[in-house]
Amino acid sequence: MLSQDQEEKLIRLAQKDINAFGLLYDAHFNTVFGFIFKRVRNQPLTGELTSLVFVKAMNAIGNYKITGAPLSSWLVQIALNEVRQYHRRTNKNTSV
């Protein structure tokens, strides 16, 4: 678990050098994976959605504003959006 100071330093580093994003990935992977798994109960799907979350986060980290809230809050919000999109897609496809 990262302290708030450590996390903020990593965020700033990742904003300058995207290669540093891997450290944030390592620190938050289990949280995001667990959050998604509780909602879809399918390990391969959870892995796929978790990957999408981190790709989106990596692409948006340059615009991330440090507010004092943990980065995991932002990542979980992205994860929730991915889970909702998945459910919308699958419900739309099954009702046809």
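## Overall architecture

The protein chain contains four helices and zero strands. The model is a predicted one. Read from the N terminus, the order of elements is α-α-α-α. The C-alpha trace extends over about 50 × 25 × 25 Å along its principal axes.

Of the 96 residues in the protein chain, 31% are buried. The exposed surface amounts to about 6300 Å², with carbon and sulfur atoms contributing 52% of that area. When contacts between residues at least 6 apart in sequence are considered, 59% of them link residues at least 24 apart.

## Helix α1

Helix α1 covers residues 4-16. Its 13 residues, at 1.5 Å each, should span 18 Å, and the separation of 19 Å between its end C-alpha atoms agrees with this.

The buried residues of this helix are E7, E8, L10, I11 and A14. These residues occupy an arc of only 160° around the axis, and therefore lie on the same side of α1. The face turned away from that buried side bears the exposed residues D5, K9 and K16.

## Helix α2 and the residue that follows

Helix α2 comprises residues 21-40. A kink of about 55° occurs in α2 and is centred on H28. H28 is itself among the buried residues of the helix, which are F21, L24, H28, V32, F33, F35, I36 and V40. Just after α2, R41 adopts a positive phi of about 50°.

## The nonpolar core

In soluble globular proteins, nonpolar side chains tend to be buried together. In this model, the largest nonpolar core consists of 22 residues, and those with the most contacts inside it are F21, L24, V32, I36, I61 and L71. Each of α1, α2, α3 (43-60) and α4 provides at least two residues of this core. Helix α2 gives the largest share, with six residues.

One of the residues with the most contacts inside the core is F21. Apart from neighbours within four places in sequence, F21 contacts A14, F54, A57, M58 and I61. Of these partners, A14 belongs to the buried set of α1.

## A buried glutamate in helix α4

Helix α4 runs through residues 71-94 and includes E82. The relative accessibility of E82 is 4%, so this residue counts as buried, the cut-off being under 20%. Not counting residues up to four places away in sequence, E82 touches L49, L52, V53 and K56.

Notes:
Residues are numbered from 1 along each chain as its sequence is written. This is a predicted model: local features need pLDDT of at least 70, side-chain atom pairs count only at pLDDT 80 or more; totals for chains, interfaces and linings use all residues. Side-chain values use heavy atoms; hydrogens and water are left out. The expected span of a helix is 1.5 Å times one less than its number of residues. Buried means under 20% relative accessible area, exposed over 50%, partly exposed in between (1.4 Å probe, protein chains only). The arc is that of the directions from the helix axis to the C-beta atoms. Contact means heavy atoms within 4.5 Å. A nonpolar core is a set of buried Ala, Val, Leu, Ile, Met, Phe, Trp, Tyr and Cys residues joined through side-chain atoms within 4.5 Å. The bend at a residue is the angle between axes fitted to the seven residues ending there and the seven starting there. Accessible areas come from the Shrake-Rupley method with a 1.4 Å probe; for residues, only the protein chains shown count as cover.
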